[in-house]
Each structure stands twice: as C-alpha cells, then as structure tokens.
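User: Hey, could you walk me through this structure? I'm new to this, so plain words please.
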Amino acid sequence: MISLKNGDGIQWPEGKRIAVMLTFDFDAELLRYSVIGKRKIGFADVSRGQYGPKEGLKRCLAMLRRHQLPATFFLPGEIIEKYPEQCREIAAGKYEIAYHGYDHNNTIGIPEEEETGNLEKSEGLIQKLSGRKPVGARGPLDALQEYSLDLFSRRGYLYDSTLKDCDWPYVLENGLVELPTDVAVDDFSYFYFSYADEAPINCSYLPDDVYAMWQDAFDELAAEGDKIMVLKLHPQLIGRVSRIAMLERFILYMQQRGAWIADCETVARYVKEFYRIKESETK
C-alpha cells in the first residue's frame, strides 16, 4: 500500500465550502458487459447501455452548456472507436477527457504489460480526439490493479478518481492526487437495471428520492468545509429525462450554497499546489 503524505484541512478558493466535480463515465454498453461478466448478452439489455450514446449524452451535454459548467468525461478507448461522433461532441465542448480503461475490463489480475498496452492505445485515441493526453484515470467498474496507481504516476498522470477511502482529496507518496468517490453519489447505485445477470438487478429509485439523499450528503459535507463531492454519472442512466432534470436542480442547489464546481484536473492541480505550499511552510 502507498501511504498518504497529507490529510484533510484543505481550504478551497474564494472561501468556497466544498469542491464538487461532475464526472461522466461514458461507457455505454461496456458497463453492462463488465457488471455481468460476459461479452455476449441479450440485445435488449445491451440497448439499455446504448441509450447513453443514442439519447442520454445529448441531454447531459445540453445541461452542461445551459449552465456553462465544467465536467470530466472518463472514456474507454473502445468507446471512442465505437461512438466517434458522440465523443467528438464531448471534445468540442472542451470538457476534460480522462482514461477509463480500453474496453472497460474490470478483471483483477491483468498483467502490467497488458494494461500498459491498454493505456498506450487509449491515450493515443484520447490525444487524437482532444489534442492532448489524459492526465486523470478511473478504474473500470472501480477496478484497479495493485500496480495501477504507480503505473499512472510513471506515465505522468496527475490524478486518479477511483478509491473510496475518505471524503477529502490527498496526494500519494508517488505524487498522484487521489480524488475519492462514493457509491452514495453514483447514479449506478440507484438507476442501474438488468435482467441479464444471474440475479437480476433492479435499482429504479425515484429521482426525487435520490435528490433528497444527494442533498443531505452535500449539506453535511459542505458543513465540514474541507471536503469534496465527486458525482459519478453515466449518460445511459442519468440521461433519462426526469433524472437529468433532477441533476440540474441539484447542481443549482449546490451552486447557491457555496460549491466550487470544477473539473477533476482543476481540482487535482489545486490540491497538489495547496499541499506543496503547506509542506514548504512547515519546513
């Protein structure tokens, strides 16, 4: 394990109470393959994942444009190849694009050489799409290999946003910033639905119920004053019409109550500089 160099106590710009990141895992039907553990499932279930590129992404991007919001999109390389037009629309909005595996393979035990190849392939696709290599990563279905964080650091990445160990950002000894996530503010926890699993998954919560839970989480974290909230969203799930309306309402609520909404790269750079200065002052 890599130990932490620092802890909580960060102060956000302009007296903001909390840093909020809107992150979208645009993984379409690849998410379903990972959850179910198969590359061959019924087309009806695949189509639930395809709702993202066909419909949900449009609503997500329209909402971001309406409010001129920054966001980070985590893209598997295979999605860039499969849905080039949709990915070009993301890139046209100047949103940060980060690494999310090549084919969203969440198998634990992938050899480092194979994962390095996945990184190289996806980095090339992201650079061609956006004009720059990614600086951030998130494990597919939250799966990281034992070597992943060090591998990201060696390849020049700035941050990872996969772990679940706390509510504040920190810098690892290898220099990588970790922006932890939480299943409680992940739309997958409430809206994923599938008949294709051995035990069917039915998480069809009412948007208003999810709003209430997210509002409560935001209020409590903001009250503590040095925390982050990383909203983990999937266009195929949050992009349904009533859900995107709920998200828009929630974002306005956070803005009115002292949230600093920024993309992951911006927050990670701020965190790294904050702790660099803090460390130099203690010497």
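Analyst: Sure, we'll go through a strand, two helix pairs and a couple of single residues.

Analyst: This is a predicted model, where local features need pLDDT of at least 70 and side-chain atom pairs count only at pLDDT 80 or more, while totals for chains, interfaces and linings use all residues. Residues are numbered from 1 along each chain as its sequence is written, and side-chain values use heavy atoms, with hydrogens and water left out.

User: OK. Is strand 1 buried or exposed?

Analyst: Strand 1 covers residues 18-25, and 8 of its 8 residues are buried. Buried means under 20% relative accessible area, exposed means over 50%, and partly exposed is in between, using a 1.4 Å probe and protein chains only. Strands here are DSSP runs of E with at least two residues, helices are runs of H or I with at least four, and both are numbered from the N terminus.

User: Which residues of strand 1 point which way?

Analyst: Ile18, Val20, Leu22 and Phe24 point one way, while Ala19, Met21, Thr23 and Asp25 point the other way. Both sets are buried.

User: And which strands does strand 1 pair with?

Analyst: Strand 10 (residues 227-233) runs parallel to strand 1 and is joined to it by 7 bridges; two strands pair if DSSP finds at least two bridges between them. In that pairing, Val20 sits opposite Met229. Strand 11 (residues 259-261) is also parallel to strand 1, with 3 bridges, and there Ile18 faces Ala259. Strand 2 (residues 72-75) pairs with strand 1 in the parallel sense over 3 bridges, with Phe74 as the bridge partner of Asp25.

User: Switching to helices. How do helix 2 and helix 10 cross?

Analyst: The axes of helix 2 (residues 43-67) and helix 10 (residues 241-255) come within 10 Å and cross at roughly 25 degrees. So helix 2 is roughly parallel to helix 10. Axes are lines fitted to C-alpha atoms, for helices over the stretch in contact, with angles from 0 to 180 degrees between N-to-C directions. Angles under 35 degrees count as roughly parallel, over 145 as roughly antiparallel, 65 to 115 as roughly perpendicular, and the rest as oblique.

User: Which residues meet there?

Analyst: From helix 2, Arg59, Cys60, Met63, Arg66 and His67 meet a group in helix 10 that includes Val241, Ile244 and Leu247. Contact means heavy atoms within 4.5 Å. The residues of this contact divide into 7 nonpolar, 1 polar and 3 charged. Ala, Val, Leu, Ile, Met, Phe, Trp, Tyr, Cys and Pro count as nonpolar, Asp, Glu, Lys and Arg as charged, and the others, Gly among them, as polar.

User: What about helix 8 and helix 10, what's their angle?

Analyst: Helix 8 (residues 207-224) packs against helix 10 at about 25 degrees, with the axes 10 Å apart. That makes helix 8 roughly parallel to helix 10. Residues of helix 8 in this contact include Tyr211, Trp214 and Phe218, and among those they meet in helix 10 are Met246, Phe250 and Tyr253. The contact divides into 10 nonpolar, 2 polar and 4 charged residues.

User: Back to helix 2 for a sec: why does Glu55 count as partly exposed?

Analyst: Because its relative accessibility is 31%. Glu55 is in helix 2, and its C-alpha atom is 9.6 Å from that of Val241, 186 residues apart along the chain.

User: Last one: is Asn118 buried or exposed?

Analyst: Asn118 is buried, with a relative accessible area of 12%. Asn118 is in helix 5 (residues 112-130) and, leaving aside neighbours within four places in sequence, touches Tyr99 and Tyr102.
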